[in-house]
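Q: I have a model in front of me and want to learn to read it. Where do we begin?

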Amino acid sequence: MKTENLTRKEIIDTRLATAGWNVTDRMQVIEEFEIIVHDNLIQESKTLYGSHQFSDYVLLGRDGKPLAVVEAKKTSVDATIGREQAKQYCNNIHITQGGELPFCFYTNGHDIYFWDLDNYPPKKVHGFPTRDDLERYVYIRKSRKSLASELINTSIAGRDYQIRAIRAVMEAIEKRKSTFLLVMATGTGKTRVCVALVDALMRGGWVERVLFLVDRIALQNQTLDAFKEYLPNEPRFPKPYEKEIVTDRRIYISTYPTMLNIIRDEVKTLSPHFFDLIVVDESHRSIYNTYQEILDYFNTITLGLTATPTNVIDHNTFQLFQCEDGVPTFAFSYEEAIDHTPPYLSDFQVMKIKTKFQEKGISKRTISLEDQKKLILEGKEIRDINFEGSDIEKTVINRGTNSLIVREFMEESIKDANGVLPGKTIFFCVTKAHARRIEEIFDSLYPEYKGELAKVIVSDDPRVYGKGGLLDQFINNNMPRIAISVDMLDTGIDIREITNLVFAKPVYSYTKFWQMIGRGTRLLESDKIKPWCTKKDSFLILDCWDNFEYFKLNPKGKEINPQIPLPVRLFGLRLDKIEKAIEKKESKIFSKEISKLKNQIGQLPKNSIVILDAKHELQRLEGENFFAQLTSDKIEFLRNFVKPLFRTISHADFKAMRFEKDIVEVSLTCLSNEKHKFETLKEIIIEEIGELPLSVNIVAKEKLLIRLSQTNNFWLTITEEKFDELIEKLAPLMKFRESVIPLSPAKFNLKDVLSEKEYVEFGPMHEALTITKYRDLVELKINELLLANPTLQKLKRGMELSETETEHLAEELYEEHPHITIDLLRRVYNHRKAVFMQFIKHILGIEILHSFPETVSQAFGEFINTHNYLTSRQLQFLDLLSKYIIENGALTRKNLIESPFTLLHPEGIRGIFNPKQIEEILLLTEKIIAA
């Protein structure tokens, strides 16, 4: 173990140098910095130096003043031992020299802790900050303002729930929380909320640089466009065609893999203190299993975003953001968005279609006689055709089934204003080959559109991306109307004009299912109407695979078992073999496998923060004694601590590694004398070796070994030397292996027919369909009568009706079907006080009559917009108040100090607002109720 002095020279100096500090330059770093302590100050323990203290390192700013103190301990001790000592040095420097309170660091070389005294608790970090970082930290600490008084730009995010979400995060930041989770339904404006939050935090002086992480390039471009639209003056990364990371921007949008490569780059990396805020889009388990290293690397405040409903968010996600299970920082569900008046998101209808072949399979009993005759003429045996419905698009392909789905879609889809072409649509397909088949069917059935109606949009097609690419055409052009996709358009893509979704594949993940539905939930923006979608009240989902039925029966979907990474499995098997060699007293095998185990450990990525984080514990492996006497506790250490670290290996020849894993596994069964398992594994390996192409020169050089290793005699006389020879000579050749091409699925073009076609009730609004239908009937009837009714025509021309004419018109409408009465109209249009003629004028488009809930919501929305300094608790009260008025239609002063308002504060409104604000709220409510 290293002494404190050696730790400083060999490790800490190097890590300071990595952050740009020249330890030999006393204009940057002073070692053994002398602090003269006054008698009345608390000192560290009595020393030979009396009233003097000596800080191991002090990092200086460009003005020569101390920016930070670094307290060093030897590698063998816990770094936190230096915590109080470092704090004393910071406080004493501040008292004796004035200026800013230095930042506090304490380390044993491997573990570094950062403490922003008086602001945040200590936090483990993964490197020292640069001088620029520390000076930025000082600037932020000095200049940041109270966020309670910081106004939110409501032109970016002005809806009431968006303001509440931003306030919730800002209030938590002021309470010195550093992680937050927003759960907001797809289409409710998560990106706009983030942009408005970033804007407020930048204006308030809390952040200088922001990183926004996304999982795909298409989402990166979409997010860049959002920041460009709403914060055009903030410099962004990347610019078009920019590949190398630069450090002169304020807003960075990156994919997870790109940022992981940047932080692991040993030549050109980013400081762990480079960003002040990280926003993590779609924060769910699959992201963190792979890319949590990014969040661990940077010392920032972190905001997670997800559209996954709160009740199915993984426990680990809540834990990561330090939230109680089921209690995010802020949540706004799809149901809340739909229930709002007017709705914030589009509702949907589900039409389920099922074909005969999907329901009963493809066999002699389901194939029509006409098709059976065709098959016989083609020389096919009818009795050999026997497929389950679930085999379609897996082991059997039937053009007739796909054609039927396409024709049903064209008939049932929501059309554009001309009523001919379907509105913008996404087809979710099983495979890329399936998507190409659907595209070909569209082209074949509808040749008049010259191949422009439907296009395949998949991630590996370079024609998809960039201005003028297929995705850009789908979003911004009249054609194509239908995007046929596999996975790429399932999540994240924002296209408000989507009016149809076709589930042409089964879905088993509840999270993904709702993300897919979310592609259609966005409403149109009145100032951005496009000719091919001038109106959108709801959207249609055509479910061809019983997905909605599946999730009724299985609300959380199918659990996917996580896969253990290959490098982890190889290390584990080698460790098992070492244990077995100890048990069998096979010292030669033990020594050989220990040597290979050490080589594996040496391949761990040194710049991965997971490995840097484990450096202190990994010191145990450095001495020869560790492996010379491998006791059970050492094996447990290797298994429980070292083995999981191999998940960090991302750059390796995995085909060679897989073959090596198979050989180590079969050699272990040989050593363990597990004959049956040995035979099974042997056959798998012989098959793998048999797929090596001898036509490749480098493979042909090992022709003899390849031939021998496929003989029984080779395996009957197998030795450790032969196992090693297979790994050494054949593992590197596995990249040339020719995989056996799976049997092509059976292909038919059999006529399929519908067995089921019905609307499915699913979602929050279907109980209100009868009222909606009644309103549609009323409006249709009045517009029909307009053609022949002189009284209505007079009204339409803008002329006023006499009292007699009004009464006569009311009697006429009552006699029609459906009955049209003032009471029914008030119920249907949700307006308690409007008179008969106001409803008729509204239906004829002469004047707009807002429903009572719309009036309430609009009034409260305007109030919140003009009072955008309100706290999240005050906003919560106003939300509750608006719902109370909508539900009850009346309000007294006494109500405001009774339940449900006392649930927010025992004194009701008096405990949340000041007297002036209360008077404003009372005036607002009186005005609403009088309307």
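A: Begin with contact: it means heavy atoms within 4.5 Å. Helices (H or I, at least four residues) and strands (E, at least two) are DSSP runs, numbered from the N terminus. This is a predicted model, so local features need pLDDT of at least 70 and side-chain atom pairs count only at pLDDT 80 or more, while totals for chains, interfaces and linings use all residues. Residues are numbered from 1 along each chain as its sequence is written, and side-chain values use heavy atoms, leaving out hydrogens and water.

Q: What do the buried residues of helix 37 pack against?

A: They pack against helix 35 (852–866) and helix 36 (872–888). Buried means under 20% relative accessible area, exposed over 50%, and partly exposed in between (1.4 Å probe, protein chains only). In helix 37, the buried residues include Ile918, Ile921, Leu922 and Ile929.

Q: Where do the buried residues of helix 37 lie, seen down its axis?

A: Use the arc: that of the directions from the helix axis to the C-beta atoms. The buried residues of helix 37 fall within an arc of 160°, so they line one face of the helix. On the other side, Pro915, Lys916, Leu923, Lys927 and Ala930 are exposed.

Q: What span should helix 35 have?

A: The expected span is 1.5 Å times one less than the number of residues. Helix 35 has 15 residues and reaches 21 Å from its first C-alpha to its last, close to the expected 21 Å. Its buried residues include Phe852, Val856, Phe860 and Phe863. The buried residues cover an arc of only 165°, which puts them on the same side of helix 35. Their cover includes helix 4 (160–174), helix 36 and helix 37.

Q: Which residues touch the most other members of the largest nonpolar core?

A: In soluble globular proteins, nonpolar side chains tend to be buried together. A nonpolar core is a set of buried Ala, Val, Leu, Ile, Met, Phe, Trp, Tyr and Cys residues joined through side-chain atoms within 4.5 Å. Here the largest has 106 residues, and Leu303 and Leu881 touch the most other members. Among the residues that Leu303 touches are Val169, Phe180 and Phe321.

Q: In what order do the strands of the open sheet come?

A: Two strands pair if DSSP finds at least two bridges between them. Six strands form the open sheet, in the order 1-2-3-4-5-6, with mixed pairing. Strand 1 (29–36) and strand 6 (123–125) are the edges: each pairs on one side only. Strand 2 (residues 52–60) and strand 3 (residues 66–72) run antiparallel, joined by four bridges. Tyrosine 57 stands opposite valine 70 in strand 3.

Conventions
Lists of a residue's contacts leave out its neighbours within four places in sequence.
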